[in-house]
Every structure is written in structure tokens, then in C-alpha cells.
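User: I am in my first year and would like a close look at a single part of this structure, namely how its aromatic rings pair up. Please go slowly, and carry on from there to the neighbouring topics of helix packing and unusual backbone angles.

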Amino acid sequence: MATSEAAVGPRLQPTPGEIAVAAERRQNVLNWVLLAPALAMLTFSLLFPLLIVIRNAVYPAGQPGFSLFYFEKFLSDPYFLGVLWRTFRLGVIATVVTLVPGYVLAHNIALHPNARWRTFVMIVTLVPLVVQLIIRVFGWLAVLSPNGTINSFLRELDLIDSPLRLLFTETAMMIGFVHSHLYFMVLPIAATLMKIDPNLLRASENLGATPTKTFINVILPLSMPGVVSGCLICFALNISDFVAPSVLGGNRNRMMTYTIFEQQLYVANQHFAAAATVILMVASALAIAGAFRAATMYGRRFGT
Amino acid sequence: MRRGAYQAIWVSAGWVVILFMLAPILVIFLGSFTTREYLSLPLDGLSLRWYWEILEQPKFLDGFARSVQLGVAASIVSTFLGTLAAIGLFRRNPKATGWVAIVLMLPLMVPSVIIAMSVLQFFNTLNITNPYVTLLLGHTLITFPYVVRSVTATLGLMPRGIEWAGANLGANPWRVIWHVTIPNIRPGVIGGLIIAFLVSFDSVTISIFLQTPAFIPLPVRLYNFIEYGVEPVVAALSTVLMLVSAAGLYLAERFVGMDVIFGARK
């Protein structure tokens, strides 16, 4: 439209089209001005710091040039390899362990006929996010410690003579992981369960399937995208969790995050800590990328 | 009948999970009223002595003051940055998608330990060790995505026509933002401010890496303290803190919905 008007002849005033383009350009500039402070902050406190860590990991102290020295040191030391393996192993096991209670809560939230019960379960699911992390960890210390709730109840009932060793075990760490990350499992599963067309469930029932059969053959397959993304999110959270595993796991069950902390602040080996951080970064990035891939694959297969 | 039994199984399994979720919180709450020197259940009497004991602990009081200072400063800075960014993001694209939205949410996707390590090493390189600077930046970074989320949610509820009306009546874009947009998204801004404060107050990991002996926030004090034993005074303090954050969340919930606070909204 603007071009046809411009072709008519000489003119003194800008065409409506030109005004619109100029206004849009001004609006665009304004948008970037609004975003600039936040993007500057992100550059200064996230992007540059991440680049510094990567630089510290590959440029050894006191000698010029690129080197994978710290990665070799990490990956050739049996202690650190053990830490890496424990991080991966506990990350996977904790994810599988979280899946069961996660599915239970999600099913109650999405498919129970009573709305008040659904709301109640949803609120309980949110509890770990309402109560501060350090308080939750303290609560589990109080439950699991040698003088804690479980041991004093068992002693009261005369079931044990000496306290059970519950704290500083992998079980205690599992409890911490599940309690902290359950919500992130419930949310994607509940979301996919809510999307299931109720007619499918009625059809299955009309065709004579028992509720259990409907669950196994209809509900469970349709909820797989949620299960897969919940599991991968939980895995990424588990391997990068710091406070709960270091307090509940104790000295014998150190994970990658504690190694990073120890190397940075106790051993003061900045470069080695940076290399360990990069390894953890790559591991969680791979998990997240896997999550996206798996979610799209399932999405294509089940049309969600 | 069979269907009733099916749901009953899910409900009973649900109760087991709910008990697990609430167990540590109930233990802290009940244990804080103990009359003994250690956190013991079942209770053999009720007492508020451990609540008074909090006031005798200068470490906790100092930590509390530090955490409040830090939380107030970080939430004000991130509310400022987050509100402007959310408006810019929304004006670009009302669905708040695309790479800018992803970049703004990055601090929530990068694990806290990695953020904390990076910020620490970055400031070490620059020779900045002032905890006010490092902790403030670290806490601003992790709290401001919540403000963006909260403000974006209220922007979506605002009728777009009123901004156009302002512009048609001759207001320049800045005046439209200041006199039309911001007053209309006030609930999202205040809700975001409260959530940012609570997130900052809760954050342990970042603070453990960035603390200095001169500035130790409360969660770090508690982290150091609980490693040496389960003291009833910590249970009392925890109960107080739980009530404070429940009150804060209740307030935030009145300004913006729960789904916005916890990111349930897609």
C-alpha cells in the first residue's frame, strides 16, 4: 500500500505506512530498553561467571595455554571417579524411587472424583516448597538421628536395644531426594493425566475392561510423556542437589556437589573445582537435552 | 463397586505419601514444645521455653537480621529489573515465549551449585570479596525470574485496549507504561516482590558459597548448627520461620495465584 502511494508523485508528508514503520521501530527500541537492565545483569552475573569457570577449568594455574590437566586428574583418581559414579547411581535410583509416590499423588490430583480431596493433595504436594529447605533437612535429621523419632518409638516398643543407624546412609539421602523433588515429578505427570479425554476411560469401561485394565492399557501409556519428563527433571535435580545429600549423607557418601564445595572452599583448588563444575554442568545439560528429546519422541508417538 | 475399590487403593497410597511429606514438619512442630533438653517425641509435657531460648542466641538473631537485609535488598533490585523485563518481554510477544523468555528464566534452570561456584570464581577473578556485592548479585540472579513470571501472569490478565487508549489520547510510550501499565499490574509486582524475598530468605546453597565470616545469613547459620546435633531451639526457630513463610505465601497468593508462584502455569 505504501509503495503504490509513493509512486503517485512528490509528497511532503510521510505516508501512513511510513508512520507505522517508524512507530514500530520506536516500540522495538523501547522493548529493548526495558529488557536491557535485566539482560545486563544476567550477562554480568551469569554469563561471564560461567565463562570464567570454563576458563579456569582449562587454563591451569602458573602455566600458559590450554590444557585438560584437571579433567585428567579428576577422571584418573579412584576417589573422584567414585564420587562421579555415586552421583550418577544415586541420581538414577532416587529418580526411580520418586516415580512411585509421584505417580500416586498425580493420579489423586488428576483423576479422583472428589474436588476437595484433589485440592488437599495438591496443597500437600506443595508443602516442601513452602517450608524452607534447611528446615526440611533439619526435620529429617530429627526423624532419623540415633535419638530421633523413629529410634525412640522403636525403643519405646522394645523392638530394638541399640539405635538403628539411619542417618548418614544412602537411605537417608533417598528420603531427602524424594522429599525435595517429588513436586517436580507430580507436576508433569498430573498435567498429562488431566489431558486424557474422559471418553477414552468411559469407552474402555463400556468395552468391559476392569479399572485396573483401563489403568494399565489406557491411563499408563497416555501418561508416559509426563513420566519421562518428570524423571529427567528429577535426575537433573538429584545430581546437582547440595544441602540435603551433604547433611543426610555425611562424610562417607559425598556427591559431586560436595566435592566442588570442598575443593573450592576447603582445599582452595579453584581450577580443580572449576573442572568438577564443568563435568557436572555437562552431565545435567545432557540429562535436560535427553528430557527434551524423549518428550518430543513420546509426543509424536502419542500425539500429545 | 470395582471402581470405588480402584480409587480407594489410590487414596490409601496417597495417604502414605502425604504422611511421608508431612512427617518432618510435624516432628519439628511438635518437638519444639518439648520440656526436655533434646528433641524428643512423644512429648511428656508442653513448654514454650525453647521459643524464649531463640532470643538468647545472638548467632540466630544476627543471621536473621542479615537474611532480612539481604532479602529486602535483593527483592527490591530484582523487582525493578524483573518488572521492566516482563513488560518488555510482553510487549515484544504477549505469549512471553522465544529466546528472550528462555534467557530470562535461565537462573532457574542452571543448578544452584553451578551458579554459586561461577559467581564466586568470577568475583575472585575481579578481586571483589565484599559479601554485600557478591551475595546481593547472587540473590538478585536467583530471585528475579520469579518476578518476571509473576508480572507476566498479571500482564496477561490486563485488557490490552487500555494501553492503546492511553497511546491514542496522546501519551508517549513511557507515560503509558508508568500511568497505565504499572498501576494495572501492581498485584503481580507486589506478589513478585514477596516471592523474591521468600526465595532469597530460603536460599542456602548460594549463601554457603558466598558467605564471609562477617556476613552469615540465617540458613547458613542453621546449616552449620544442625550438623552438630538436633537441638529443640532449632525446632522452635524453624516453627517460627515456617509460620512467617506461610504468612508471606498467603499474602503473595492473594496478589497472584498459587499456580504462578510455583510455576504450574505452562
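Analyst: In this predicted model, a search of the whole structure turns up 35 aromatic pairs over all chains. One of these pairs is formed by A:Phe261 and B:Phe209, whose ring centres are 5.4 Å apart and whose planes stand at 75° to each other, an arrangement described as edge-to-face. This pair crosses between chains, since A:Phe261 belongs to helix H13 (residues 256–265) of chain A, while B:Phe209 belongs to helix H10 (residues 205–210) of chain B. As for their surroundings, both A:Phe261 and B:Phe209 are buried.

A second example comes from chain B, where the rings of B:Tyr6 and B:Trp10 have their centres 6.3 Å apart and their planes at 75°; because planes over 60 degrees apart count as edge-to-face, this pair is given that name. Both residues sit in helix H1 (residues 2–31) of chain B, and because they are four residues apart there, about one helical turn separates B:Tyr6 from B:Trp10. B:Tyr6 has a relative accessibility of 13% and therefore counts as buried, and B:Trp10, at 12% relative accessibility, counts as buried as well.

Returning to A:Phe261 and B:Phe209, we find that they are members of one aromatic cluster, which also contains A:Phe242, A:Tyr258, A:Tyr266 and B:Tyr223.

The next topic is the packing of helices. Two packed helices are described by the angle between their axes and by the distance between those axes. Helix H2 (residues 16–58) of chain A and helix H3 (residues 58–92) of chain B have axes that come within 8 Å and cross at roughly 140°. An angle over 145 degrees would count as roughly antiparallel, so H2(A) is instead oblique to H3(B). The crossing of H2(A) and H3(B) is left-handed. On the side of H2(A), the contact is made by residues including A:Gln27, A:Leu30, A:Trp32 and A:Met41, and on the side of H3(B) by residues including B:Leu81, B:Ile87, B:Gly88 and B:Arg92. Sorted by class, the residues of the contact of H2(A) with H3(B) comprise 12 nonpolar, three polar and two charged ones.

Within chain A, helix H6 (residues 133–144) packs with H8(A) at an angle of about 140°, and their axes are 11 Å apart. H6(A) passes H8(A) in a right-handed crossing, whereas the crossing of H2(A) and H3(B) is left-handed. H6(A) contributes A:Leu133, A:Arg136, A:Trp140 and A:Leu144 to the contact, and H8(A) contributes A:Ala172, A:Ile175, A:His179 and A:Ser180. By class, the contact of H6(A) with H8(A) has five nonpolar residues, two polar residues and one charged residue.

Finally, we come to the backbone angles. A:Asp158, which lies in the loop between helix H7 (149–156) and helix H8 (170–195) of chain A, has a positive phi of about 60° although it is not a glycine. With a relative accessibility of 66%, A:Asp158 counts as exposed. A:Phe168 is found in the loop between H7 and H8 of chain A, and its phi, near 60°, is a positive value in a residue other than glycine. A:Phe168 has a relative accessible area of 37%, which means that it is partly exposed.

How values were computed. Residues are numbered from 1 along each chain as its sequence is written. Chains are lettered from A and ligands numbered from 1 in the order in which they are written. This is a predicted model: local features need pLDDT of at least 70, side-chain atom pairs count only at pLDDT 80 or more; totals for chains, interfaces and linings use all residues. Side-chain values use heavy atoms; hydrogens and water are left out. Axes are lines fitted to C-alpha atoms, for helices over the stretch in contact, and angles run from 0 to 180 degrees between N-to-C directions. Helices (H or I, at least four residues) and strands (E, at least two) are DSSP runs, numbered from the N terminus. Angles under 35 degrees count as roughly parallel, over 145 as roughly antiparallel, 65 to 115 as roughly perpendicular and the rest as oblique. A crossing is left-handed if the near helix is turned anticlockwise from the far one by less than a right angle, and right-handed if clockwise. Contact means heavy atoms within 4.5 Å. Ala, Val, Leu, Ile, Met, Phe, Trp, Tyr, Cys and Pro count as nonpolar, Asp, Glu, Lys and Arg as charged, and the others, Gly among them, as polar. Buried means under 20% relative accessible area, exposed over 50%, partly exposed in between (1.4 Å probe, protein chains only). Rings of Phe, Tyr and Trp (its six-membered ring) pair if their centres lie within 6.5 Å; planes under 30 degrees apart count as stacked, over 60 as edge-to-face and the rest as tilted.
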